[in-house]
Amino acid sequence: QVQLVESGGGLVQAGGSLRLSCAASGRTFSSFALGWFRQAPGKEREAVAAISWSGLNTYYTDSVKGRFTISRDNAKNTVYLQMNSLKPEDTAVYYCAAAGVMRTSVVLTTTRQYNYWGQGTQVTVSS
């Protein structure tokens with residue numbers, strides 16, 4: 001079993017930055033693919049960024065490319081999402097997710113592929 005706890009959310013003005021962290025406990029997640037999702041009110045949960053077990057393969061949804069960076073530190077069992085140039089449309093609850101994988105290069109981008117989820121952290125970007 002893996003427990004995920006996000007932190008780092010908050011209120012920021014448009015153009016500002018935030019760094020989200022997600023710490024895992026219960027099992028080392030060096031063999032896990034990891035992802036960040038977000039859900040705005042009235043909208044479906046969407047993948048924002050994902051990273052492979054090796055850390056060498058990543059995915060970003062088009063709206064955050066060039067602004068967000070996902071990274072992981074397997075020694076610390078932590079995954080990060082650096083968010084720069086934030087926009088009001090980035091406002092949402094952000095969730096981290098984890099799933100065990102067999103290959104180091106696998107990147108998972110849909111909610112159904114993940115079986116461990118954090119409780120979420122609110123990110124609010126004011127205009």
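# Briefing: an open sheet, a disulfide and a set of ring contacts

Four strands form an open sheet in the order S1-S3-S8-S7, and the pairing in it is antiparallel. The edge strands are S1 (3–7) and S7, each of which pairs on one side only. On average, neighbouring strands of this sheet are turned by 15 degrees against each other, with direction ignored. The model is a predicted one. The points below take the sheet, its loops, the disulfide and the aromatic side chains in turn.

**Pairing within the sheet**

- S1 and S3 (residues 18–25) run antiparallel and are joined by 5 bridges.
- Across this pair, Leu4 stands opposite Ala24 in S3.
- S7 and S8 also pair in the antiparallel sense, over 6 bridges.
- Here Thr69 stands opposite Gln82 in S8.

**The two faces of S7**

- In a regular strand the side chains alternate between the two faces of the sheet.
- S7 shows such an alternation: Phe68, Ile70 and Arg72 point to one face and are buried.
- Thr69, Ser71 and Asp73 point to the other face and are not buried.
- Thr69, the residue opposite Gln82, therefore belongs to the face of S7 whose listed side chains are not buried.

**Loops around S8**

- Which residue takes a positive phi in the hairpin of S7 and S8? The residue is Asn77, with phi near 50 degrees, and the hairpin has 4 residues between the strands.
- Asn77 is placed in the loop between S7 (68–73) and S8 (78–83), and this residue is not a glycine.
- Asn77 has a relative accessibility of 15%, so it counts as buried.
- Ser85 lies in the loop between S8 and S9 (92–100).
- Ser85 is not a glycine either, but has a positive phi of about 50 degrees.
- Ser85 counts as partly exposed because its relative accessibility is 41%.

**The loop between S5 and S6**

- Ser52 is found in the loop between strand S5 (46–51) and strand S6 (58–60).
- Is Ser52 buried or exposed? Its relative accessible area is 0%, so Ser52 is buried.
- The side chains of Ser52 and Ser54 make a polar contact at 3.1 Å.

**The disulfide**

- The structure holds 1 disulfide.
- It is formed by Cys22 and Cys96, whose sulfur atoms are 1.9 Å apart.
- The link of Cys22 and Cys96 is right-handed, with 40 degrees about the S-S bond.
- Cys22 lies in strand S3 and Cys96 in strand S9, so the pair ties together parts that are 74 residues apart in sequence.
- Cys22 counts as buried because its relative accessibility is 0%.
- Cys96 counts as buried as well, because its relative accessibility is 1%.

**Aromatic pairs**

- A pair of aromatic rings is described by the distance of the centres and the angle of the planes.
- How many aromatic pairs does a search of the whole structure find? The search finds 4 of them.
- One of these is the pair of Phe32 and Tyr116, with ring centres 5.9 Å apart and planes at 50 degrees, so the pair is tilted.
- This pair links distant parts of the chain: Phe32 is in strand S4 (residues 32–39) and Tyr116 in strand S10 (residues 116–117), 84 residues apart.
- Both Phe32 and Tyr116 are buried.
- Tyr114 and Trp117 have their ring centres 6.1 Å apart and their planes at 65 degrees, so this pair is edge-to-face.
- Tyr114 has a relative accessible area of 5%, which means it is buried.
- Trp117, with a relative accessible area of 27%, is partly exposed.
- Ring pairs link Phe37, Tyr114 and Trp117 into a cluster.

**Arg45 over two rings**

- Arg45 lies over the face of Tyr95, at 3.7 Å from the ring centre.
- Arg45 also lies over the face of Trp117, at 4.9 Å from the ring centre.
- Trp117 thus has Arg45 over its face and belongs to the cluster with Phe37 and Tyr114.

Definitions and conventions:
Residues are numbered from 1 along each chain as its sequence is written. This is a predicted model: local features need pLDDT of at least 70, side-chain atom pairs count only at pLDDT 80 or more; totals for chains, interfaces and linings use all residues. Side-chain values use heavy atoms; hydrogens and water are left out. Buried means under 20% relative accessible area, exposed over 50%, partly exposed in between (1.4 Å probe, protein chains only). Two strands pair if DSSP finds at least two bridges between them. Axes are lines fitted to C-alpha atoms, for helices over the stretch in contact, and angles run from 0 to 180 degrees between N-to-C directions. A disulfide is a pair of cysteine sulfur atoms within 2.5 Å. Rings of Phe, Tyr and Trp (its six-membered ring) pair if their centres lie within 6.5 Å; planes under 30 degrees apart count as stacked, over 60 as edge-to-face and the rest as tilted. A charge sits over a ring if NZ of Lys or CZ of Arg is within 6 Å of the ring centre and within 35 degrees of the ring normal. A polar contact is a pair of N or O atoms within 3.5 Å; within protein, one must be able to donate a hydrogen and the other to accept it, and residues adjacent in sequence count only if both atoms are side-chain atoms.
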